[in-house]
Amino acid sequence: MSRDVLKSVRIGVLALFVAVAMSACGGSDDKDSGATATVAAETSAASASEESSGGVAPDACTFFSKEELQTATGAELEDGDEQMAEDGGSACRFSGDPNVTINTYVTNEDDFSAFRDAGASSGTVEGLGDDAFWIEGADLLHVRVGDTAFSIRINDDLGQIPDVRNVVLGLANSGVQKLS
């Protein structure tokens, strides 16, 4: 398969993620359905990037400890539950109120930029890793450091965290240090 065709396939998978992630943010009565759909879509996007980059991402269930996440959110969380992930990626969900989902994946600069530019991004987050973007409404942040990336999503349906974005950014700074 030519490099241009492979890149088009990756961009298509990333665009699919954006569509699924945005629909997962809608008003479902099941507060867990959005997180599950987001995890599945993110790991599919990570798989497409992994094919061209090679490598394996860190374990999402240990990338941030349960204690780190509890301190950041001020909430009691269950132990991380490994979620479905494709080759080279890892996904983990820490259940509680709120729920926290961590994804780690292998990518490269071009694929990460294409993913960010696919439409759901609310804009680049300056000064965080090599590249980062926020998805408003999903309380979801993606960060790239070299050829490794991670995402953090806090699903705070009950509104217990006054400023979810700042909590996510604080965690992300810690994650960048772990990958540097």
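This passage walks through the fold, the nonpolar cores, one helix pair and a few backbone oddities of a predicted model.

Starting with the overall layout, the protein chain has 6 helices and 6 strands. Going along the sequence, these come in the order α-α-α-α-β-β-β-α-β-β-β-α. Of the 180 residues in the chain, 48% are buried. Long-range contacts carry a good share of the picture: among contacts with a separation of 6 or more, 59% link residues that sit 24 or more positions apart.

Next comes the inside of the protein. The largest nonpolar core holds 28 residues, and the members touching the most others are Ile 102, Leu 128, Leu 141 and Val 143. At least two residues apiece come from α3, β2 (90-94), β3 (99-106), β4 (131-135), β5 (140-145), β6 (148-155) and α6. The top contributor is α6, which puts in 7 residues. Apart from this core there is another one, made of 9 residues, including Phe 112, Ala 120, Ile 135 and Ala 149.

Ile 102 is worth a look by itself. Setting aside neighbours within four places in sequence, Ile 102 makes contact with Ala 60, Phe 63, Phe 64 and Leu 69, with Ser 90, Ala 91, Cys 92 and Phe 94, and with Ser 151 and Ile 152.

One of those partners, Phe 63, belongs to helix α3 (residues 60-63). Its relative accessibility is 7%, and since buried means under 20%, Phe 63 counts as buried. Beyond its neighbours within four places in sequence, Phe 63 is in contact with Pro 58, Glu 68, Ile 102, Thr 104, Phe 150, Gly 175, Lys 178 and Leu 179. Take Lys 178 from that list: Phe 63 and Lys 178 are 115 residues apart in sequence, yet their C-alpha atoms are 8.1 Å apart in space.

Now for the helix pair. Helix α4 (residues 66-73) packs with helix α6 (residues 164-179) at an angle of about 150°, and the two axes are 9 Å apart. Angles over 145 degrees count as roughly antiparallel, so that is how α4 and α6 run relative to each other. The crossing of α4 past α6 is right-handed. On the α4 side, the residues involved are Glu 68, Leu 69, Ala 72 and Thr 73, and they meet Val 167, Leu 171, Ser 174 and Lys 178 of α6. Sorted by class, this contact comprises 4 nonpolar, 2 polar and 2 charged residues.

Gly 170 is also part of helix α6. With a relative accessible area of 41%, Gly 170 is partly exposed. The C-alpha atom of Gly 170 is 7.8 Å from that of Ala 72, although 98 residues separate the two along the chain.

Finally, two spots in the backbone stand out. Asp 97 and Pro 98 are joined by a cis peptide bond, with omega at about 10°. Pro 98 sits in the loop between β2 and β3. The other spot is Asp 139, which has a positive phi of about 50° despite not being a glycine. Asp 139 falls in the loop between β4 and β5, and at 21% relative accessibility this residue counts as partly exposed.

Terms used: Residues numbered from 1 in each chain as written. Predicted model: local features only at pLDDT ≥ 70, side-chain atom pairs only at ≥ 80, totals over all residues. Heavy atoms only, no water. Axes fitted to C-alpha atoms, helices over the stretch in contact; angles between N-to-C directions. Helix = DSSP H or I, 4+ residues; strand = E, 2+ residues; numbered from the N terminus. Parallel < 35°, antiparallel > 145°, perpendicular 65-115°, else oblique. Left-handed = near helix turned anticlockwise from the far one by under 90°. Contact = heavy atoms within 4.5 Å. Nonpolar A, V, L, I, M, F, W, Y, C, P; charged D, E, K, R; others polar. Buried < 20%, exposed > 50% of the residue type's maximum accessible area, 1.4 Å probe, protein only. Core = buried A, V, L, I, M, F, W, Y, C linked by side-chain atoms within 4.5 Å.
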